[in-house]
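Work through the exercises below with the sequence and the 3D view open. Each task is followed by a solution in steps.

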Amino acid sequence: MSAPATDMRREELEPQLEQYRAELTGYSYRMLGSSFEAEDAVQETMIRAWRALEKFDGRSSLRSWLYRIATNVCIDALNGRKRRAVPMDFGGPSEPVADNLREPLPDDTWLEPIPDARIAPSGADPAETAVARESVRLAFVAALQHLPARQRVVLILREVLCWKAAEVAELLGSSVASVNSALQRARATLEERGIAPDLEPTTPSEEDAELLGKYVAAFESYDMESLVALLHEDAEQNMPPLELWLRGAENITAWMLGPGFECKGSRLIATSANGSPAFAQYRLSADGTHHVPWGLQVLRIADGRITGISTFLDTKLFALFGMPDRLEPQTAA
């Protein structure tokens, strides 16, 4: 290809790369379990694609070509690395006492949340957006981390993105029989962990919105009686990078009134993460003059009750979610 023709081809293809950033971010996140690593993986994918654009011969679609590059980037990142975990992977529930507060484990131990906006571009088909959000639920992504890298690739491409077995085989340089075998093994692993890849989208109800409003009011006023009324009796709470986790509304309340009492006076700002309602939690500063970032809460809701609260105590997430670095005092209207 002559230099002018190469330049024309690059000029034609380069703007198309960006339209795939959001879905590649979702793919990389499911593979890696880290929002920050997913962003890095997609950036590396774009760099590799940009450098190799003149080699793209058009025999496959640009999308498939980008997924091949992203898959290689993710598999390289996973080599020799431990899987991302959730506190429940380390043992049974903890008692709600300060003695169970141990040294936090390193950040790279934990599954991280991701903003819905990073995986669902504006203007996307609503049905596709709903499936994208459903397939990044924390429980599903946590289960994916138990799969070997190639099984993750197969399950995500086949079950989430609905690729044909032959397409996946071509991407992996494998056979259809090998892809089908890997998919069966991946499904079996998820079933053992009680996670079925049911990706039927769910629609938030008016009752859910009312429940969330009550949750904010109860948490910000630190009204534990009202808060416990919103929780399922077997609700779970966990707080990475802390290893401990709590089960049961009674234990969650005991924690909030005991070791977690410094959360009193917090303020919440609504957002969304992993296809779920979420809140940026700000605690009162030491001098009491303003509120500072503390943690990102991701809630699970089922049958009109809150069944899980995952609070990620990583303030780097606030910038990722577009949250301010402090809240000034509220003024009366």
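The exercises cover a helix pair, a buried serine and a sheet.

The model is predicted, so local features need pLDDT of at least 70 and side-chain atom pairs count only at pLDDT 80 or more, while totals for chains, interfaces and linings use all residues. Residues are numbered from 1 along each chain as its sequence is written, and side-chain values use heavy atoms, with hydrogens and water left out.

**Exercise 1.** Describe the packing of helix α3 on helix α4.

Step 1. Two packed helices are described by the angle between their axes and the distance between the axes. Helices (H or I, at least four residues) and strands (E, at least two) are DSSP runs, numbered from the N terminus. Axes are lines fitted to C-alpha atoms, for helices over the stretch in contact, and angles run from 0 to 180 degrees between N-to-C directions.

Step 2. For α3 (residues 35-51) and α4 (residues 62-78), the axes come within 9 Å and cross at roughly 130 degrees. The two helices are therefore oblique to each other (under 35 degrees is roughly parallel, over 145 roughly antiparallel, 65 to 115 roughly perpendicular, the rest oblique).

Step 3. List the contacts (heavy atoms within 4.5 Å). On the α3 side are Ala41, Glu44, Thr45, Arg48 and Ala49; among the α4 residues they meet are Trp65, Ile69 and Val73.

**Exercise 2.** Is Ser28 buried or exposed, and which residues does Ser28 touch?

Step 1. Ser28 lies in helix α2 (residues 21-32). At 0% relative accessibility, Ser28 counts as buried (under 20% relative accessible area; exposed is over 50%, partly exposed in between, with a 1.4 Å probe and protein chains only).

Step 2. Leaving out residues up to four places away in sequence, Ser28 touches Gly33, Ala38, Ala41, Val42 and Cys74. The C-alpha atoms of Ser28 and Val73 are separated by 8.9 Å, with the two residues 45 apart along the chain.

**Exercise 3.** Trace the sheet and locate its edges.

Step 1. The open sheet has six strands in the order β2-β1-β6-β5-β4-β3, with mixed pairing (two strands pair if DSSP finds at least two bridges between them).

Step 2. β2 (245-247) and β3 stand at the edges with a single partner strand each, so one side of each has no neighbour in the sheet.

Step 3. At one edge, three bridges join β1 (residues 231-238) to β2, and these strands run antiparallel; Gln237 stands opposite Leu246.

Step 4. At the other edge, seven bridges join the antiparallel strands β3 (residues 267-273) and β4 (residues 276-284). Leu268 has Gln281 as its bridge partner in β4. β3 and β4 form a hairpin with two residues between them, and Asn274 in the turn has a positive phi of about 50 degrees.
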